[in-house]
Every structure is written in structure tokens, then in C-alpha cells.
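Please look at the sequence and the model side by side, and follow the text through the sheet, the helices that lie on it, and the pockets.

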Amino acid sequence: MKLLEADLSYFNYLEKGFAGEKKFDNMIKEHISIEHIVLNDLLLEHNNTKFQIDSLLFLSNTIHFFEIKNNEGDYYIDNDLWYKSPKKEIKNPLHQLKRSTTLLRGLLQELRINTQIVEHLVFVNPEFHLYNASMYLPITYPTQLNRMMDKLNSLNN
């Protein structure tokens, strides 16, 4: 079937995002050797608000929440706004991560599940670069993925 230009663009965006999520899922399968449970591609609802989760990794008493991005190219942050170079504003993925984390925490509290949630914004595309980002943000860059997997493996919660 032939898609309209806007629909084709959106389809390609979704397909690229899915490819990034699959890449990350495969990394978890290949690298995490400690006892764990993984849940992928969740659509949840809390307080009449639907939210999507790319990947949850359960390690002992901690849930690691991963928001996966497959962006490529040069991006930068300016006053909490995100841009794709040269000057195209995009949605701030940290806001999406925080919103989903808050909703997940509320859902778990409603279910009387008391556990720590560690959030991660993970960029998997090796052609991605982000300028002006604080090193204290919960971001993992493509060059840090192997070290992140090693760190997760070393956790003995």
C-alpha cells in the first residue's frame, strides 16, 4: 500500500525506534548474566493516563527502567530544550522518562509494591552525539553501553 508522505515518515520513525529497542533487548540477553527478569514494550495505565515503557529490568529489589532512543546525528541541549542540529527543536526525552517513571511509581504504590526504580535514558545508535549535557543526567550514550551492562552485572542488590 502506498502511504502519504507524513504517514510514511511516521512509519519510518516507529520502525527505527523499534530497531533500537530490539538492539537493546539483544544486548540485555547477551550481557546480563545475573538472575533477572525483563519486560519489554509495555503499555500501562495509571490515573486514567496511558504510558509506554520500552524495557524494565528486574534485579533483586530494584527495577531498572530504560527509555531507549535510536537517534542519529548531532543534538544539543539549550536551557532544557533539545535540538537536532542545526536548530530543529525536538521533544525532551528526559521529560518523557520522568513522566513515565512517575506514573510507574504511582502504579506500583497503588499495587502496594515498594521497590526502588532506577531510570535510564539510553541512546543506542553509534552515530548519535549530544552536546551541552550535564554528566549527572541519567543518560547512557552508545559508547557507554558495554560499561553499563558490566555495572548491571555487578549489582548484588
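Which residue of E9 stands opposite Leu 121? The partner of Leu 121 is Ile 139, and from this pair the rest of the sheet can be followed. The model is a predicted one, in which local features need pLDDT of at least 70 and side-chain atom pairs count only at pLDDT 80 or more, while totals for chains, interfaces and linings use all residues. Residues are numbered from 1 along each chain as its sequence is written, and side-chain values use heavy atoms, with hydrogens and water left out.

Strands of a sheet pair through backbone hydrogen bonds, in a parallel or an antiparallel way. Here, 5 strands form an open sheet with mixed pairing, in the order E1-E2-E3-E7-E9, where strands (E, at least two residues) and helices (H or I, at least four residues) are DSSP runs numbered from the N terminus, and two strands pair if DSSP finds at least two bridges between them. Strand E1 (37-46) and E9 stand at the edges with a single partner strand each, so one side of each has no neighbour in the sheet. E9 pairs with E7 in the parallel sense, over 2 bridges.

Helix H1 packs on this sheet and touches E1, E2, E3 and E7, contact meaning heavy atoms within 4.5 Å. The direction of H1 makes about 20° with that of E2; axes are lines fitted to C-alpha atoms, for helices over the stretch in contact, and angles run from 0 to 180 degrees between N-to-C directions. H3 lies across E2, E3, E7 and E9, and runs at about 160° to E7.

The next topic is empty space. A pocket is an open set of points on a 1 Å grid over the protein atoms alone, where a 1.4 Å probe fits, with protein on both sides within 12 Å along at least five of seven lines, and its lining residues have an atom within 4 Å of a point. Grid points are joined across faces, edges and corners, and a volume is the space filled by probe spheres set on the points. The largest pocket holds about 950 Å³, and of the 26 residues that line the largest pocket, Tyr 13, Gly 17, Lys 69, Asn 71 and Gln 96 are the closest to its centre. H1 provides the largest share of this lining, 7 residues.

The second largest pocket has a volume of about 270 Å³, and among the residues closest to its centre is Ile 139, which stands opposite Leu 121. H3 gives the most to the lining of this second pocket, with 4 residues.
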